[in-house]
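Welcome to a set of short exercises on reading a protein model. Keep the structure open beside you, try each task, and then follow the solution step by step.

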Amino acid sequence: MLGYTVVRGGLGLLTVRRACLAPRYAHSAPRNEYRPIKKVMVANRGEIAIRVFRACTELGIRTVAVYSEQDTGQMHRQKADEAYLIGKGLPPVAAYLDIPNIIQVAKDNNVDAIHPGYGFLSERSDFAQACSDAGVRFIGPSPETVRKMGDKVEARSLAISAGVPVVPGTDAPISCLQDAQVFSKTYGFPIIFKAAYGGGGRGMRVVREYEVSLFVYPTVNHPVCFDVCALGDKYGNVIHLYERDCSIQRRHQKVVEIAPAFQLDPHLRNRLHADAVNLAKQVGYENAGTVEFLVDRQNKHYFIEVNSRLQVEHTVTEEITDVDLVHAQLHVCEGRSLPELGLKQDKIRVNGCAIQCRVTTEDPSRGFQPDTGRIEVFRSGEGMGIRLDSASAYQGAVISPHYDSLLVKVIASGKDLNTAASKMSRALAEFRVRGVKTNIPFLQNVFSNHQFLHSTVDTQFIDENQELFNLKPTQNRAQKLLHYLGDLFQTGFAKAVRAHRGLLLMDTTFRDAHQSLLATRVRTHDLKKISPFVSHNFNNLYSLENWGGATFDVAMRFLSECPWKRLQELRALVPNVPFQMLLRGANAVGYTNYPDNAVFKFCEVAKENGMDIFRVFDSLNYLPNMLLGMEAAGAAGGVVEAAISYTGDVSDPMRQKYSLDYYMNLADQLVKAGTHILCIKDMAGLLKPQASKLLIGSLRDRFPDVPIHVHTHDTAGAGVAAMLACAEAGADVVDVAVDSMAGMTSQPSMGAMVACTKGTELDTGIVLEKVFDYSEYWEVARGLYAPFDCTATMKSGNADVYENEIPGGQYTNLHFQAHSMGLGNKFKEVKKAYVEANKLLGDLIKVTPSSKIVGDLAQFMVQNNLTRAEVEERADELSFPLSVVEFLQGYIGIPHGGFPEPFRSKVLKSLTRIEGRPGASLPPMDFKALEEGLRSAHGDEITPEDVMSAAMYPKVFQEFREFTANFGPVDCLSTRLFLDGPKIAEEFEVELERGKTLHIKALALGDLNKAGQREVFFELNGQLRSVLVKDTVAMKEMKFHPKAQKSIKGQVGAPMPGKVLEVKVEVGAKVEKGQPLCVLSAMKMEMVVNSPVAGTVKAVHVTADSSLEGDDLILEIE
């Protein structure tokens, strides 16, 4: 018993040796001290956890897994009998280092013993001690042994005491440069700095000149690295299980391990084994461990360190000795002796050769940079002589950046090195891993290398054989074909559309209808209410257009709600009808160009949130912009619907700029580019029945297999007739809106199309009575938005659209803008000016954002009483809206027929001109930096969707977040309350979330104070509450702003009402005629105010954020 007690305590060398000399006592002890293990926890993850679980299961021991929040879906928790979450709220690695939590889980679940695996806590003496203190056995050495072996300085001292040769080194960690200099002068360069605590190659650095670091010893040039596996029990018995050659390393990290070392001199092999066993006995080592040595070119060996744990490469030792090391660890922990287990040195024999390589998700061509993502394909190499130890190697597994990049350990066994290597090469060739990069091509080069197969390799092998990085690219033919076939699923949708009997309808009520009639103001609150009805009664719609276009920024800008949340909530309520969005090509959902990667990322996020069909268009039909949008939508996995924007009249031989040939040639290019569906986007409702037959009939003849979709507006009242003509000419899909949201600037009536086609070959299959019910809802809901309704001024359709060509989606927005700018009574003049502005700009295709440019110029002309001739004459001195200037610069692309001259040159003067596709010259957007900035500004609750909103509209998103921070979740308010507010004495309820309802009564409105505020009194859940709010109207009345006197040449007035975005000059500044002075903004329109004269700024009367009326004085120049 003396030996057992002393060795357990890790005391004195003399007693340990006495224990070794008294085998009779040692061997009699196990029967008295044997304590079987019934339940084992593995405080680790991945393949090593599974390896231990399998051994436990074989021995009838129940298993317990622990897992972090990031490892919820990992395989190791599924392989255990029980699994428990640890480290809640902690970072990924920290969860597995949370000793108190792990111990508590073990105690709570009656765990007998904990296996630490490798890495994480496996060499932490405080963890081993915590296990002991909690009455839970630690499957490994004693805490004291772990501490000694973890301290590289103390381990080195113990090796010296045991007579084991060591590389000369410092006796203690160095603390200053002088210590290192003395050492280097004694032994010369190069030397190695190594962390006093560490393993796995961490903390090692070769130094060839003076630097400062930690524990120092001279490096061995071109060493060979050998590990000797040792196994000890509680009674002083220690055996070795032969050596492993671990010389093939990268940055001191092992890549390939071989057992045994075939090029090793027999005498040296014996010395390595003996020294490893002596050192283990010196410290009273129990359980499995590894003693590492370096051997120089003179066959001198040097002790490096002891790894007091199971190693990654234990597998090759098991293969050549037929010893299950994990079984042995468990039995030793239970108290059984090595002889009792049949593990005596003379019984251990080497059988053949085994090689292990670590297949990792690293890219050798990029410096072994870790790769992450989803494994699309996984097929392993198997067969005789191959063993695989893995955890996350399966199709569909997601490789995260949080942990080690190990995918699978491949172990090949054979009668000798060449046999094992050939099996390894064959197995690696059988692997098929797609979706993430792996190091397999690099490993294949290693196993075909002549030096590796026929000579000695050392730790410089990889560094000195750069041909190993001549990687053969994987063909990936099967997966590429699958991507092609996956694309066919989308074209399969298109084929189903083409093969459908009858006419298909797309319902625009959720987007373009309310954009056209109600200035895009309809809230998600009202869309959600009717969504279940649509889902249940209109599941045979081609699609539901409900997102994108102007709805994206208006949701944040005016409705104070998240557009992504709208998409998510509608997707949940309508899972059975395809969704369609409007994508402005390279403009995404904005009014400007974005870097290419931003457009691709936007489509990806939209698809992930539930979008199906991407209707891609460009406001100028500029093909390069359209192709980028199509590619982005297709790459995201969406159905690509390329839309040709229609203007002019193909049936009028006098209008030849946009002729039938123009549209046919453009359609040819889009079909060749791979569009799934071809769309004609008649955004102003200009497509007359005769033109419909001509255009759609020609497209159907040219493209018999391509589905054709037609979008129009009913501004002139001919929409139903035109869509019937399109359907009869071969269109597969036409756009409609429910009756109470149809007509005028919206789409043709759904009910009318359903009724007109009923019983014919074009029958839609939609029940007319359900359309009536659908319409009733929107008739009531539309009344809530009366202030924005186009019927406030437009009482019927108007055929003057054939003259002014104002898009339906712009008509109400333009009207609303005109009112806000004081031009409400001049809207007729605005419409006429729209025609003239279009001619000034060269007769454009008019759809967002080109239609906005024409509208901005038209309002500018009316505001300043300018005719077309006057604008042309004074183009070099007028302060044009910014959108007009940027269009002429080329910011949205090149219009058909080119830019108008000399108008363009007079406006731009020396300003930059952009040639080609604008976005092509933009640097990629740094999403990581953008996200970090958003988190810094708004906290950590930033989603990928928030990042995209900020990428598209940084200022709008900022204001939206500020609004929600100040006013909370206004989306839970009813629409009347949101738009108009409560009446005095009105009582109402607001449901914040299920089970949380506020009972509110509006009581009174206080008087205006000197700060321009009023106190508003409420009763909230029976309690009196009040808030101070700014009375913006009263504050405006309290403030007087001087007007510019037109008779004074140096006074610069506001050309339109709006807010000052930026003041570009200060008092005393010298300015030239035409120099930008400030930037104004009103209703999405920005305008640069230029200096009308040259001179010196005398006074500035505005600041950023100043609100101005027309002709308000901005500054004075003398």
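A residue counts as buried when its relative accessible area is under 20%, as exposed when over 50%, and as partly exposed in between, using a 1.4 Å probe and protein chains only. Please note that this is a predicted model, in which local features need pLDDT of at least 70 and side-chain atom pairs count only at pLDDT 80 or more, while totals for chains, interfaces and linings use all residues. Residues are numbered from 1 along each chain as its sequence is written, and side-chain values use heavy atoms, leaving out hydrogens and water.

**Exercise 1. Describe the surroundings of valine 605.**

Step 1: Start with accessibility. With a relative accessible area of 2%, valine 605 is buried.

Step 2: Locate the residue. Valine 605 belongs to helix 24, residues 596-608. Helices here are DSSP runs of H or I with at least four residues, strands are runs of E with at least two, and both are numbered from the N terminus.

Step 3: List its contacts, where contact means heavy atoms within 4.5 Å. Leaving aside residues up to four places away in sequence, valine 605 touches Trp564, Glu945 and Met948.

Step 4: Compare sequence with space. Proline 944 is 339 residues from valine 605 in sequence, yet their C-alpha atoms are 7.6 Å apart.

**Exercise 2. Place lysine 681 in its strand and find its bridge partner.**

Step 1: Find the strand. Lysine 681 is in strand 28, which spans residues 677-681.

Step 2: Look at the pairing. Two strands pair if DSSP finds at least two bridges between them. Strand 27 (residues 639-645) runs parallel to strand 28, and five bridges join them. Within this pairing, serine 645 has lysine 681 as its bridge partner.

Step 3: Check both faces. In a regular strand, side chains alternate between the two faces of the sheet. For strand 28, Ile677, Cys679 and Lys681 lie on one side and Leu678 and Ile680 on the other, and all are buried.

Step 4: Zoom in. Lysine 681 has a relative accessible area of 3%. Its contacts, not counting residues up to four places away in sequence, include Arg615, Tyr646, His711 and Val847.

Step 5: Consult the record. An unreviewed UniProt entry carries the annotation "modified residue: N6-carboxylysine" for Lys681. UniProt positions follow the numbering used here, feature names are shortened, and annotations may be inferred rather than shown by experiment.

**Exercise 3. Which side chain makes a polar contact with the side chain of arginine 309?**

Step 1: Begin with the annotation. UniProt lists Arg309 under "active site", in an unreviewed entry.

Step 2: Find its place. Arginine 309 sits in the loop between strand 13 (301-307) and helix 14 (314-321), and it is buried at 11% relative accessible area.

Step 3: Look for the partner. A polar contact is a pair of N or O atoms within 3.5 Å; within protein, one must be able to donate a hydrogen and the other to accept it, and residues adjacent in sequence count only if both atoms are side-chain atoms. The partner is the side chain of glutamate 123, at 2.8 Å.

**Exercise 4. In what order do the strands of the open four-stranded sheet come?**

Step 1: Read the order. The sheet runs 31-32-33-34, and its pairing is antiparallel.

Step 2: Find the edges. Strand 31 and strand 34 (1023-1030) each have a single partner strand, so one side of each has no neighbour in the sheet.

Step 3: Examine one pair. Strand 31 and strand 32 (residues 996-1005) are joined in the antiparallel sense over six bridges. One example is glutamate 991, whose bridge partner in strand 32 is threonine 997.

**Exercise 5. Inspect the backbone at proline 849, methionine 744 and alanine 985.**

Step 1: Begin with proline 849. The peptide bond joining threonine 848 to proline 849 is cis, with omega about 5°. Proline 849 lies in the loop between helix 33 (827-840) and helix 34 (850-863).

Step 2: Turn to phi. Methionine 744 is not a glycine, yet its phi is positive, near 55°. Alanine 985, also a residue other than glycine, has a positive phi near 75°.

Step 3: Buried or partly exposed: what are methionine 744 and alanine 985? Methionine 744 is buried, at 14% relative accessible area, whereas alanine 985 is partly exposed at 48%.
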